[in-house]
Amino acid sequence: MMASPAVRMFWRLEGLFCVYKPPGVHWKLVRDNIETTLLKGLNAAPSGPLPKEVRFLPDPESDTGATKGLTLSAASVPVLSKHPLVTGPEFQHIKVGVGHRLDAFSSGVLVLAVGNSNKILNNFCRTRVTRDYTLEGEFGTATDDFSYRGKVVERSTYGHVTQDNLDRVLAMLQGANQKALLMYSNVDMRSQEAYEMAAQGLLGPEGKSEPVLTGLRCVHFQPPNFTLEVQCLNETQKYLRKVVHEIGLELRSTAVCKGVRRTRDGPFTLQDALTRNHWTASDVMQAIRKYHSSKKTKKYSHTKTVDAAPEENTMTDSQQNETCDETAVGVIK
Amino acid sequence: MASCCTQLCLQCRRLLSSQMVARTWRYSTQLGHCTTVTGLPPKILNGPTVVRGDHTVAEARQRWKQQMFCYSDFTAKHLATEAKEDKDIEELSRAVDVAYKSPLMPIRDAVPVTESQISLDLDAATEFSALEEISDEEAVRIFVPSAMPPASLSLRDYVDQSETLSKLVQLGVNLWKLEQRPNVGSMLLRLNFNTDVAPRLLFLKEIGVDDSHFGNIITRNPFILTESLENLQARVNYLKSKKFSSETVASMVSRAPYLLNFSVKRLDNRLGFFQQQLNFSASNLRNIVARLPRLLCGSLEPIKENLKVCEIEFGFKENEIQHIVLSVPKVLAANKRKLTQIFDLLHNTMEVPHHLIVKFPQVLNSKYLRIRERHLFLEYLGKAQYDPNLPNYISLDRLVSLPDEAFCTELASATLEDFHLFQKTL
């Protein structure tokens, strides 16, 4: 029996894809929105004609009490019980799974999977992939939940903070994190095994552990605003905001986090992420096709993903970019 | 035709005689006052139950009523449908076939039927072989009953046999949506198309509602089919007395199907409330109600809250509120939290003064994320200028109403890809 066009479209939706979650929106709303648009796309596929059955209907002229000569005529009538208005749409619910979650305050790349690909998603979540974040911070205030929406707890000056100081603090933090990384990898540091693992970049915690920052640097510094770029493992967004807060404390000032933006989740970068107006079934299918083809090309290479840093630099908010927005845009392309 | 008839005989285990079939069709019209399920009588009367005489009719009626009560009482329960069906038929046959002796019928009267004995007597089946040749005439008269459960969770089991349901599907009513609502399914089944549904559809047609809207109206408000015709007429007369034209009334009914289920007193209360609270003239009020008829249907509490929010929290003056409501009545029915969020963005972040918001009230109706992203994009490009006195002014209505392409090329002078890339940096 042929599968209906809707079912065939559903097979084409199997795979992982990523969307860009806007800030201020709970990830569940994003997931529900995607599910609704995919259902709309699936149910819009035209269904076949109604099956017909043969029924014997009485002739309208047959009179009462006819003992013989009652004529029944065969008529092929469509079976209304299979009509979509009676059975309901073909797909009423599809499982859309979410990869590493993003809390409501942050924005960025969110990996999703449809239907049977949820198993692949599970494996993806369990593997040790690093994630890239861009943190926007501002000196001078400290709040209770480390973000600019929280209640202000402390204010301080920041005039004494220079780029040098910041870089020194960041280097110190990175060193501490590197030590933690080596500790969690459960390997004796003096062995040959450790050397080989380090050479291949396989050092790191297996499974759940404390958040570890594998990379940390400052990409933009203009007091009171600054932007950091982090690569991390096993993190939560609140931990990252706390990092910003602690950096402020280390510099003997205070800092608050204005934005957390995930730019990369494993092999999924900002380039592949779908923005809100692209959350339709056809765009999602295209993204999944791209993912499948990229998986095939990456089969024999073990390289990590593209570092999206140079593009981020030109796109961050800054007051003096007004005149050179065209050139900035040119660089991105 | 003959070949498929003989095929049917091969499949059918219970053969019916011609007299039974004739009476079946006759009984269906007589017993139409109970339900319109025309397929039901043959099911009850099939099997070796053929008897002449009127007391079959009475028995059949009783069994029929019993079955319908079963449906209405036990709709939620899963009964052993086949068992029940067969049990009823066995009972009937046991009660009635004493008088009748038919050479064709299998022997049933000797066997007392109990709940456990569901299937046909196997001896009877072998005695009367399905491969026996019968004449074409008899073959034509065989009726194959369809398996219709006495109780079911879905209307699709009844749609083929029920005249009402089939006609409703042909009108475009979404039965699947309606059967999710409690008790609506059984109510629809109990309706008779000719006496209940048709007069009301004709009434709707008289007031000017288009035929193509019937499906939508009944899907959203199935209880319009149970409202009495005098009430419907009285409410339409009331609306006409308030000087709503007939086309307006027709469009209001199609867009807010629950409108005619409300009593005249309630409609009067609502109109009075709007007139008093907003100090509108009669023609303005008619205008708003015609454009958003669901204002008359829903509860008044959220509307009162929204008005208070506009007055106190946003700080609009009364004539400003009047103007906003007149141009965008949806503000009255909007979600209070979302409205506050949009206003906060407009007034505090984008620094748009009150009088400009009043001039373009449709911004209050648009999506928060849309306004925010577009505003930030314009700010990044240095073009976020909403003051009409200064050069390079961007009007709010164009900001929200233009589609993405037009917004990018006209207002922001950038490409759509730039806008998407910018969206990913927020």
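In this predicted model, K258(A) has a relative accessibility of 31% and therefore counts as partly exposed. Its side chain meets that of E138(A) in a salt bridge, with an N to O distance of 3.7 Å. The pair links distant parts of the chain, since E138(A) belongs to strand β6 (residues 131–139) of chain A and K258(A) to strand β11 (residues 255–265) of chain A, 120 residues apart. E138(A) is likewise partly exposed, because its relative accessibility is 24% and the class runs from 20% to 50%.

Strand β6 of chain A also holds T134(A). At 4% relative accessibility, T134(A) falls under the 20% limit and so counts as buried. Neighbours within four places in sequence set aside, the contacts of T134(A) are T227(A), L228(A), G259(A), V260(A), R261(A) and T263(A).

**Salt bridges**

A search of the whole structure, over all chains, finds 18 salt bridges. Three of them are set out below.

| Residue pair | Distance, N to O |
|---|---|
| E138(A) and K258(A) | 3.7 Å |
| D265(A) and R262(A) | 3.3 Å |
| R276(A) and E373(B) | 2.9 Å |

In the bridge between D265(A) and R262(A), both residues are buried. These two residues also take part in a network of salt bridges that links R131(A), E235(A), R262(A) and D265(A).

The side chains of R276(A) and E373(B) form a salt bridge at 2.9 Å, N to O. This pair crosses between chains: R276(A) is in the loop between β12 (268–269) and α8 (281–297) of chain A, and E373(B) is in helix α22 of chain B. The two partners fall into separate accessibility classes. R276(A) counts as partly exposed because its relative accessibility is 27%, whereas E373(B) is buried, with a relative accessible area of 7%.

**Chain B**

Chain B contains 25 helices and 0 strands. Of its 426 residues, 48% are buried. Among the contacts in chain B between residues at least 6 apart in sequence, 72% join residues at least 24 apart. The exposed area of chain B is about 21000 Å², and carbon and sulfur atoms supply 53% of that area.

On the surface, a patch of positive charge is formed by R294(B), K330(B), R337(B), K338(B) and K367(B). K367(B), one of the patch residues, is located in the loop between α21 (354–359) and α22 (368–381) of chain B. Helix α22 is also the element that holds E373(B), the chain B partner of R276(A). K367(B) has a relative accessibility of 64%; this is over 50%, so the residue counts as exposed.

Another loop of chain B, between α7 (136–140) and α8 (163–171), contains D157(B). D157(B) counts as partly exposed because its relative accessibility is 31%. Apart from neighbours within four places in sequence, D157(B) is in contact with M148(B), P149(B) and S152(B). From D157(B) to V253(B) the separation is 96 residues in sequence and 32 Å in space, C-alpha to C-alpha.

Notes. Residues numbered from 1 in each chain as written. Chains lettered and ligands numbered in written order. Predicted model: local features only at pLDDT ≥ 70, side-chain atom pairs only at ≥ 80, totals over all residues. Heavy atoms only, no water. Helix = DSSP H or I, 4+ residues; strand = E, 2+ residues; numbered from the N terminus. Buried < 20%, exposed > 50% of the residue type's maximum accessible area, 1.4 Å probe, protein only. Contact = heavy atoms within 4.5 Å. Areas by Shrake-Rupley, 256 points an atom, 1.4 Å probe, with all protein chains shown as cover. Patch = residues over 30% accessible without salt bridge, like charges linked within 9 Å, V, L, I, M, F, W, Y side chains within 5 Å. Salt bridge = Lys/Arg side-chain N within 4 Å of Asp/Glu carboxyl O. Lys, Arg positive; Asp, Glu negative; His and termini not counted. Charge placed at Lys NZ, Arg CZ, Asp CG, Glu CD.
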